[in-house]
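Student: I have a protein model to look at, and I'm lost. Could you show me how to read it, one feature at a time?

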Amino acid sequence: MAQTPRPTHPLSRQSEGLQNEGIAEAWAFTAEHRQRTTFFFDFDGVLSPVTDDPDASQPVPSVLGVLEKLATVVQRVAIVSARPVSFLRSRFSSLEGVDLYGLYGLEVWHEGEVVTEPAALPWVPAMAELAERAKTELPGDVLVEYKRLSVALHYRTAPQRAGEVERWGHEQAEAKGLRIQAGRMVVELKPPVDQDKGMVITEGVRDAGCAWYFGDDMSDIKAFDALRAREAVDPSFFGVAVAVANPETGAEVSSAADLTLDSPGAVAQFLAEGLERF
Ligand SMILES: O=P(O)(O)OC[C@H]1O[C@H](O[C@H]2O[C@H](CO)[C@@H](O)[C@H](O)[C@H]2O)[C@H](O)[C@@H](O)[C@@H]1O
């Protein structure tokens, strides 16, 4: 039987008809290579709509069943998030077949426990101290999210604080030797340990024939790049970068992707339609 050729990029072509053709080709390739295909998903803004309170975020209900079904037809489904694994487990505990990477891959859910990158562990006390200081030194309308190995400073409900939060974050990073990750209405401080979503994907696609990554934020561009890098060294590999539209990073993330979907609800719908092709 003839093999489906690797589709060309981007999938979003000039007209709607051509775009649908590109998407159909991508699903056909995926179905044919299902046993060597992984689907990776970011969480916030991709599986879950953005909320003012990060603790209140929930996946769109329709996505749970879709992920569960997807995990039965492809080799692997994984969520790659800046959230801790404990948070992801609280949202996806019903999904047995879905792998979880937290804190940009500093944490992995493996055989029933959270495995933490050893190089990051010595930074736990410094991050706890930083979170406490952020709460006293930054204005009360800046939300401080302590995540054990990182601290996120949110200004979604106080956008006028953006400059102040960015300045404070950069001063702390310089003084303590930390790294900064910019995101949607958030500045995040992380330990100086080499780990990001791009590295998770580079490792995750080493033996794959096909992979999809769905992301909406700046940190997801590195994951898109990892798919491109894999294609560059392996002409038989097909990587699909899907952006989820938003008013904050829209153009930058979308222009790095093959395809842009409108919302987490649209992601669930897109996957449900794709599953019909298996
Ligand atoms: O990698 P992700 O799973 O996408 O995590 C990125 C950040 O997501 C969360 O913040 C974002 O979503 C919040 C809830 O919708 C929203 O209030 C905030 O403005 C967004 O930046 C999370 O709280 C952060 O820790 C993550 O870094």
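Tutor: Sure, let's start with a helix. Helix α5 (residues 162-176) lies across β7, β8 and β9 and runs at about 10 degrees to β9. Before going on, note that this is a predicted model: local features need pLDDT of at least 70, side-chain atom pairs count only at pLDDT 80 or more, and totals for chains, interfaces and linings use all residues. Residues are numbered from 1 along each chain as its sequence is written.

Student: What do the labels and the angle stand for?

Tutor: Helices (H or I, at least four residues) and strands (E, at least two) are DSSP runs, numbered from the N terminus. Axes are lines fitted to C-alpha atoms, for helices over the stretch in contact, and angles run from 0 to 180 degrees between N-to-C directions. Contact means that the C-beta atoms of two residues, placed from the backbone, lie within 7 Å.

Student: How many helices and strands does the protein have?

Tutor: There are nine helices and 12 strands.

Student: How do I read the sheet under α5?

Tutor: Strands of a sheet pair through backbone hydrogen bonds, either parallel or antiparallel. Two strands count as paired if DSSP finds at least two bridges between them. Here an open sheet of four strands runs in the order β6-β7-β9-β8, with antiparallel pairing. Its edge strands, β6 (143-146) and β8 (179-183), each pair on one side only. Neighbouring strands of this sheet are turned by 20 degrees against each other on average, direction ignored. Look at β6 and β7: four bridges join these antiparallel strands, and L143 stands opposite H154 in β7.

Student: In what order do the strands of the eight-strand sheet come?

Tutor: That open sheet goes β5-β4-β3-β2-β1-β10-β11-β12, with mixed pairing. Its edges are β5 (113-116) and β12 (259-261), and the twist averages 25 degrees from one strand to the next. For a parallel pair, take β1 (residues 37-41) and β2 (residues 76-80), joined by four bridges; F39 stands opposite V77 in β2. Helix α9 (residues 264-275) lies across β10 (210-215), β11 (238-244) and β12, at about 115 degrees to β12.

Student: Which domains does the assignment give?

Tutor: Domain bounds come from an automatic or database domain assignment. The assignment for this protein gives domain 1 (23-117 + 206-275) and domain 2 (120-190). Their centres, taken over C-alpha atoms, are 26 Å apart. Across the boundary, 16 residues of domain 1 are in contact with 16 residues of domain 2.

Student: And why does the ligand lie between the domains?

Tutor: Because domain 1 and domain 2 both give residues to the shell around the ligand. A residue is near a molecule if its C-beta atom, placed from the backbone, lies within 6 Å of it. By that rule, 23 residues surround the ligand, and the closest are F43, D44, P54, S81 and A82. Strands β7 (151-154) and β9 (186-190) each supply at least two residues of the shell.

Student: What kinds of residues make up the shell?

Tutor: Seven nonpolar, seven polar and nine charged. Ala, Val, Leu, Ile, Met, Phe, Trp, Tyr, Cys and Pro count as nonpolar, Asp, Glu, Lys and Arg as charged, and the others, Gly among them, as polar.
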